[in-house]
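Dear colleague,

Please find below the structure that I am handing over to you. My findings follow directly after it.

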Amino acid sequence: MDLLNQLTASFRDAFHSDPLLICSPGRVNLIGEHTDYNEGFVLPAAIDKAIYLAVGPRNDDELHFIAHDLNKTYRGSLANLTPTKTWADYLLGVVAQFVLNGQPIRGFNCLFSGTIPMGAGLSSSAALENGVGFALNELFDLGLDRLTMVKLSQRAENEFVGAKVGIMDMFASMMGKADHVIKLDCRSLEYTYAPLRMDGISIVLCDSRVKHSLVSSEYNTRRAECEAGVRFLKTFYPEINSLRDVTMDMLDTHLKNAEPLIYRRCAYVVQENQRLLDGVAALEENNVATFGQLMYGSHEGLSQWYEVSCPELDTLVEIAREHPGVLGARMMGGGFGGCTINLVREDALEDFTELITKQYKARTGKDTYLHACKIQNGTNLVSKAVSY
Ligand code: GAF
């Protein structure tokens, strides 16, 4: 039985009614890392690995959730929306934001499962949050637009789950478009879809299969370091509001000697924004080779200047660099574990898979998993076609 049939059958067993089915995808980001909370640019896309939710309305204010893959249940009520420090918070957080936002919702049943590898940095939490928001919008006919749902998901993560993430993951999962990347300006939230024309090239994710505990504390530290840099520079340039407004010249003149660590963090962000703009121009010219080199530059910056990589991710990129069939590779997402994203020539896929599997084991003692992925539409009803 395929996953959707299985979800439908399990939902009927548990709740004695037919569900609405929603698909909410994970994301990749081609370039532009740790730029979203600095009001910069990102270049993500939704992928063909997703959380699937089976949902139905209730006649009361109760919330009945089943995490199919974890074999866990949660029962609560709209009257008591407090964090549980469990998986249920990704659902409860969204429900709480809808309530705070004055949306007229009632209780509902939700059973979910997924194909996003856990802990791989592919934004399964954003996918789940978007799926819940989308479900509420459908079940209670709220008429919310996608951007509003994205913002409610981000607030759920920031305020209920307690992770101070930027907007990229929710945006990509909700707004994704098949075969396109999203060039998102995280300051204005203006975005354009750019067709991803990479004939004969696959996007391959190599899972380091590590998640170092530093991830959330260091994420918040990096945010604080960027903010400190902006505060410092503001004394010289009162008009600046974020690293988006800063140039390398400003950094070199005022920050380099005064605050060397903050300088390195800020310089990475300023350069990463430029790499993204150069990368978009390269893609427009169908120049994947140049784009790939920018990806290597991004990894180097993340590893050496922003210091959010780890030996395992560095090793995966190092091995990818040794294979002539790889055009570019870099760590992806928050860092300290998860996946690297690689652009690999299709005719080299088999050979690359063999090389990286063997060499990663030899150099780290660990196994890697490879996932080829395709770019898909964002969060949607499974039975209806997406339209923009
Ligand atoms: C994580 C966060 F959730 C994103 O908002 C983004 O900052 C990313 O790390 C780094 O680019 O995925």
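Histidine 34 lies in the loop between β1 (20–29) and β2. The model is a predicted one. Is histidine 34 buried or exposed? Histidine 34 is buried, because 27 other C-beta atoms lie within 10 Å and a residue counts as buried from 20 such atoms upwards. Setting aside residues up to four places away in sequence, histidine 34 touches Arg222, Val269, Tyr306 and Val308.

The loop between β1 and β2 also holds aspartate 36. Aspartate 36 is buried as well, with 22 other C-beta atoms within 10 Å. Not counting residues up to four places away in sequence, aspartate 36 touches Val42, Gly166, Ile167, Met168 and Cys186.

Both residues appear in an annotation from UniProt: an unreviewed entry gives the label "binding site" to Glu33, His34, Thr35, Asp36 and Tyr219. These residues are spread over 187 residues of sequence, yet they cluster in space, with a largest C-alpha distance of 12.4 Å. The residues around the ligand in the model include Glu33, His34, Asp36 and Tyr37, together with Val165, Gly166, Met168 and Asp169. Gly333 and Gly334 also belong to this shell. Sorted by class, the shell has 3 nonpolar, 4 polar and 3 charged residues.

The strand that follows the loop belongs to an open sheet: 3 strands stand in the order β2-β7-β8, with antiparallel pairing. Strands β2 (41–42) and β8 (191–195) are at the edges and have a single partner strand each, so one side of each is left without a neighbour in the sheet. Strand β7 (residues 180–185) is joined to β8 over 5 bridges, and leucine 184 stands opposite tyrosine 191 in β8.

A second antiparallel pairing links β4 (residues 62–67) and β5 over 6 bridges. In this pairing, glutamate 62 stands opposite serine 77 in β5. The hairpin of β4 and β5 has 4 residues between the strands, and asparagine 71 takes a positive phi near 55° there. How many of the 6 residues of β5 (residues 72–77) are buried? The count is 0, and the strand is hardly covered.

I turn next to the interior. In soluble globular proteins, nonpolar side chains tend to be buried together. The largest nonpolar core of this model has 109 residues, and those with the most contacts inside it are Leu53, Leu91, Cys110, Phe171 and Cys266. Helix α8 (residues 260–284) gives the most to this core, with 10 residues. Apart from its neighbours within four places in sequence, leucine 53 is in contact with Ile22, Ser24, Cys110, Phe112, Gly131 and Ala135.

UniProt, again in an unreviewed entry, places the feature "domain: GHMP kinase C-terminal" at residues 281–354. Over residues 281–354 the chain is 53% helix and 20% strand, and the end C-alpha atoms are 33 Å apart. In helix α10 (residues 311–321), the buried residues are Glu312, Leu313, Thr315, Leu316, Val317, Ile319 and Ala320. Their cover includes β9 (201–211), α9 (288–305), β10 (326–331), β11 (337–345) and α11 (349–364).

Valine 210 is found in strand β9. Valine 210 is partly exposed, with 15 other C-beta atoms within 10 Å. Leaving out residues up to four places away in sequence, valine 210 touches Cys310, Glu312 and Gly337.

Yours sincerely,
A colleague

Key:
Residues numbered from 1 in each chain as written. Predicted model: local features only at pLDDT ≥ 70, side-chain atom pairs only at ≥ 80, totals over all residues. UniProt positions renumbered as here; feature names shortened; annotations may be inferred. Helix = DSSP H or I, 4+ residues; strand = E, 2+ residues; numbered from the N terminus. Near = placed C-beta within 6 Å. Nonpolar A, V, L, I, M, F, W, Y, C, P; charged D, E, K, R; others polar. Core = buried A, V, L, I, M, F, W, Y, C linked by C-beta atoms within 7 Å. Buried ≥ 20, exposed ≤ 12 C-beta atoms within 10 Å, placed from the backbone. Contact = placed C-beta atoms within 7 Å. Pairing = 2+ DSSP bridges.
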